[in-house]
Amino acid sequence: MKAIRPYTQLPFDVHLMVTNPGDYVEELAKIGVEYFTFHQETVPHMHRLIQHIKQCGMKAGVSLNPGTPVSLLEDVAADLDMILIMSVNPGFGGQSFIPNAIKKVKQAKMLLEEVDNTTAVIEVDGGINDITCVPIKRAGATILVAGSAVFGADDRANMIEAIRNN
């Protein structure tokens with residue numbers, strides 16, 4: 001990221017699937033990362049890490065694995081800039097979309113509305129393609145992460161357009 005930062009003004013959205021995400025906050029802030037997202041399951045003091053991320057000038061996001069309920073974010077939802085719903089189990093690309101993610105996106109949207117957080121985005125990562133994007137967008141997702149569907153497509157530009165427009 002340090003090497004490409006001088007070549008783009010596009011926002012960097014970093015999703016850390018590591019056990020000690022707090023160890024990377026200052027370094028990523030210096031690089032110019034906009035969104036710093038960590039997995040709820042990896043930290044004992046979620047609120048403390050969210051505050052640290054924000055103090056370093058970044059937007060804070062929390063990612064939830066497929067088996068982690070949205071309700072665990074109730075006490076920090078007002079402070080979040082992003083909720084990332086994993087629609088596959090983290091670890092490798094090419095997995096099939098887990099349909100329960102649609103329900104979780106709806107729950108995340110309702111939670112953000114309940115705490116009057118109108119600026120946070122809902123991102124979904126895993127199994128996103130030109131078909132699975134439709135119900136996820138309808139549920140309230142605002143950012144979709146598509147890896148295998150795009151990079152495995154014969155026409156990548158066409159796949160990106162299909163995901164954007166479906």
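Which polar atom lies 2.9 Å from the backbone nitrogen of Leu-10? Select Thr-8 and Leu-10 together to find it: the atom in question belongs to the side chain of Thr-8. Bear in mind throughout the tour that this is a predicted model. Thr-8 itself is placed in the segment before β1, the strand that runs over residues 13-16, and with a relative accessibility of 18% Thr-8 counts as buried, because the cut-off for that label is under 20%.

Next, colour the strands and look at the sheet as a whole. Six strands form an open sheet in the order β1-β2-β3-β4-β5-β6, and their pairing is parallel. At the edges stand β1 and β6 (143-145), each of which has a single partner strand, so that one side of each is left without a neighbour in the sheet. If you compare the directions of neighbouring strands, ignoring which way they run, you will find them turned against each other by 20 degrees on average.

Now select β1 together with β2, which covers residues 35-39. These two strands pair in the parallel sense over four bridges, and Asp-13 can be picked out standing opposite Tyr-35 in β2. Add α1, residues 25-31, to the selection, and you have a right-handed β-α-β unit made of β1, α1 and β2.

Keep β2 on screen and add β3, residues 59-64, which pairs with β2 in the parallel sense over five bridges. Within this pair, Phe-36 stands opposite Ala-60 in β3. Bring in helix α2, residues 46-55, which packs on the sheet and touches both β2 and β3, its direction making about 145 degrees with that of β3.

Stay with α2 and show its side chains. Which residues of α2 are buried? They are Met-46, Leu-49, Ile-50 and Ile-53, and they lie on the same side of α2 because they cover an arc of only 105 degrees around the axis. To see what covers these buried residues, display the surrounding elements, which include α1, β2 and β3. Then rotate the view to the face of α2 turned away from its buried side, where the exposed residues Arg-48 and Gln-55 are carried.

For the last stop, follow the chain to the position just after α2 and select Gly-57, whose phi is positive, at about 90 degrees.

Technical notes
Residues numbered from 1 in each chain as written. Predicted model: local features only at pLDDT ≥ 70, side-chain atom pairs only at ≥ 80, totals over all residues. Heavy atoms only, no water. Buried < 20%, exposed > 50% of the residue type's maximum accessible area, 1.4 Å probe, protein only. Polar contact = N/O pair within 3.5 Å; in protein donor to acceptor, adjacent residues only side chain to side chain. Pairing = 2+ DSSP bridges. Axes fitted to C-alpha atoms, helices over the stretch in contact; angles between N-to-C directions. Contact = heavy atoms within 4.5 Å. Arc of directions from axis to C-beta. Right-handed = clockwise from strand over helix to strand, strands pointing away.
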